[in-house]
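Colleague: I should be grateful for a close look at one part of this model, namely the enclosed space inside it. Please describe what surrounds that space.

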Amino acid sequence: MPPGQRHVHGWPVSHYGPVPRFRPERWNLRVFGATAAGDEHSWTFEEFTVLPRVTVVADLHCAAGPTSTDHEWFGIAATTVLELAPPAPDVTHVMAWAEYGYTANLRLSDFMTPETLLATHHNGELLTAEHGFPLRLVVPHLYGYKGPKWLRAIEYMTEDRRGFWEDRGYHNIGDVWTEQRYSHQERESGGPARQ
């Protein structure tokens, strides 16, 4: 158990705002920004569902302290996205975009770990709408606010920019094992300015 966390049973639902309605005919996943080829990549829902899949068993940590353990996530490895839509050589960060304009920024090194995936299933079942169906970013070594539900796009960035919760006082990196919960814990050069 990471420091400052407490074990909880089950999988509590936690999000900001309403649950979006899924419309498969309108859904796509985009990769844009500083791509290696300079163009945008996009997959429809049908195209996305046939990409290679992986399974990752990992815990889920909330910055407020709860940790639920042994989640079996199934989906597309972030490294697969990076292979299919390569970033430019000077990319250092990604912004994960979700429904309603929600964002979470990550260092490229966090996005490209073998455990990071774009999850479609949890414990052998499709994600529920409340837990992010059809797609949720899972970054097990970071707090949950770094893994948005209802993922719609990945933006490659050549410099860091704060996401939704990071701009509202949460730590810019969010590492669970060093308890990077809140922005007041950041060093002076710990991240970009808040907007």
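**The lining of the largest cavity**

Modeller: In this predicted model, the lining of the largest cavity divides into eight nonpolar, two polar and three charged residues. The lining comprises 13 residues, and those nearest the centre of the cavity are Leu60, Leu137, Val138, Val139 and Gly144. The space that they and the other lining residues surround amounts to about 70 Å³.

The strands contribute to this lining as follows. Strand β4 (54-61) and strand β10 (136-138) each supply at least two of the lining residues. The largest share comes from β10, with three residues.

The largest cavity is one of two cavities of 30 Å³ or more that the structure holds. The second largest cavity encloses about 30 Å³ of space. Its lining consists of Pro20, Arg21, Phe22, Glu99, Phe133, Pro134 and Trp150. Of the residues lining this second largest cavity, five are nonpolar, none is polar and two are charged.

For orientation, the model also contains an open sheet of five strands with mixed pairing, in the order β3-β2-β11-β6-β7. Strands β3 and β7 (103-107) are its edges, each pairing on one side only, and the twist from one strand to the next averages 15°. Within this sheet, β2 (residues 28-33) pairs with β11 (residues 151-157) in the parallel sense over four bridges, and phenylalanine 32 has glutamate 155 of β11 as its bridge partner. Strand β6 (residues 93-98) pairs with β7 in the antiparallel sense over five bridges; there, alanine 96 is partnered by alanine 104 of β7.

Note on methods: Residues numbered from 1 in each chain as written. Predicted model: local features only at pLDDT ≥ 70, side-chain atom pairs only at ≥ 80, totals over all residues. Heavy atoms only, no water. Pairing = 2+ DSSP bridges. Axes fitted to C-alpha atoms, helices over the stretch in contact; angles between N-to-C directions. 1 Å grid on protein atoms, 1.4 Å probe; cavity = no way out; pocket = protein on both sides within 12 Å on 5 of 7 lines; lining within 4 Å. Points joined across faces, edges and corners; volume = space filled by probe spheres on them. Nonpolar A, V, L, I, M, F, W, Y, C, P; charged D, E, K, R; others polar.
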